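Dear colleague,

Please find below the structure that I am handing over to you. My notes on what was found in it follow directly after it.

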Amino acid sequence: VSCRAGFIRLSVTNRRDFTELSDLTASWVLRRNGVERARGKVAIPSVKPGTSAELTLKTGTTPDGSSLWTIDLDYSTKRETLALPRGHRVGWDQLL
């Protein structure tokens, strides 16, 4: 994770065995000491199984070292499939 002038860059790794990640979308919330400071959505690129790619979040704020900052990420399906409805949550992460 790196922070610079209103942007946060982070790495996403595809832990699936056979499918790339472009069928998913991600939403995020940036919090400072538990209080929401920014939120948004980010497109997930086509990441082949077992590989990683960088995501850039446009936060409009730059975390500093004087507070506890967290980023909550939720991953959900872009489209309805035979097994899951559109928008179904399939994973999440919290980064400190």
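How many residues lie between strand 1 and strand 2 in the hairpin that they form? There are 2 residues between these strands, and Ala5 in the turn has a positive phi of about 40°. Please keep in mind throughout that this is a predicted model.

Overall composition

The chain contains 7 strands and 0 helices, and its pattern along the sequence is accordingly β-β-β-β-β-β-β. The C-alpha trace spans about 45 × 25 × 15 Å along its principal axes. Of the 96 residues of the chain, 31% count as buried. The exposed surface of the chain comes to about 6,500 Å², and carbon and sulfur atoms supply 50% of that area. As to charges, the chain carries 15 positive and 10 negative ones, and the mean positions of the two sets are 5 Å apart. Among contacts between residues at least 6 apart in sequence, 58% join residues at least 24 apart.

The sheet of 3 strands

Strands 1, 2 and 5 form an open sheet in the order 1-2-5, with antiparallel pairing. Strand 1 (2-4) and strand 5 (52-58) stand at its edges with a single partner strand each, so one side of each has no neighbour in the sheet. On average, neighbouring strands here are turned by 25° against each other, direction ignored.

Within this sheet, strand 1 and strand 2 (residues 7-13) pair in the antiparallel sense over 3 bridges. Ser2 stands opposite Arg9 of strand 2, and Cys3 stands opposite Ile8 of strand 2. On its pairing with strand 5, strand 2 is joined by 7 bridges, and these two strands also run antiparallel. One residue of strand 2, Ser11, has Glu54 in strand 5 as its bridge partner.

Which side chains of strand 2 point to the buried face? They are Ile8, Leu10 and Val12, which point to one face and are buried. Phe7, Arg9, Ser11 and Thr13 point to the other face and are not buried, so that the side chains alternate along the strand. Returning to the bridge partners, Ile8, which stands opposite Cys3, belongs to the buried set, whereas Arg9, which stands opposite Ser2, belongs to the set that is not buried.

The sheet of 4 strands

A further open sheet is formed by 4 strands in the order 4-3-6-7, again with antiparallel pairing. Its edge strands are strand 4 and strand 7 (89-95), each of which pairs on one side only. Neighbouring strands of this sheet are turned by 15° against each other on average, direction ignored. Strand 3 and strand 4 run antiparallel and are joined by 8 bridges. In this pairing, Arg32 stands opposite Val35 in strand 4.

Two residues with positive phi

Most residues other than glycine have a negative phi. Two residues are therefore described here individually, Ala5 and Asn33.

Ala5 has a positive phi of about 40° although it is not a glycine. Its place is in the loop between strand 1 and strand 2. Is Ala5 buried or exposed? With a relative accessibility of 64%, Ala5 counts as exposed, because the cut-off for that class is over 50%.

Asn33 is likewise a residue other than glycine with a positive phi, in this case near 50°. Asn33 is placed in the loop between strand 3 (24-32) and strand 4 (35-43). Its relative accessible area is 49%, and Asn33 is therefore partly exposed.

Which residues does Asn33 touch, leaving aside those up to four places away in sequence? They are Ser67 and Leu68. In addition, the C-alpha atoms of Asn33 and Ser66 are separated by 10.0 Å, and these two residues are 33 residues apart along the chain.

With kind regards

Notes: Residues numbered from 1 in each chain as written. Predicted model: local features only at pLDDT ≥ 70, side-chain atom pairs only at ≥ 80, totals over all residues. Heavy atoms only, no water. Pairing = 2+ DSSP bridges. Axes fitted to C-alpha atoms, helices over the stretch in contact; angles between N-to-C directions. Buried < 20%, exposed > 50% of the residue type's maximum accessible area, 1.4 Å probe, protein only. Contact = heavy atoms within 4.5 Å. Areas by Shrake-Rupley, 256 points an atom, 1.4 Å probe, with all protein chains shown as cover. Lys, Arg positive; Asp, Glu negative; His and termini not counted. Charge placed at Lys NZ, Arg CZ, Asp CG, Glu CD.
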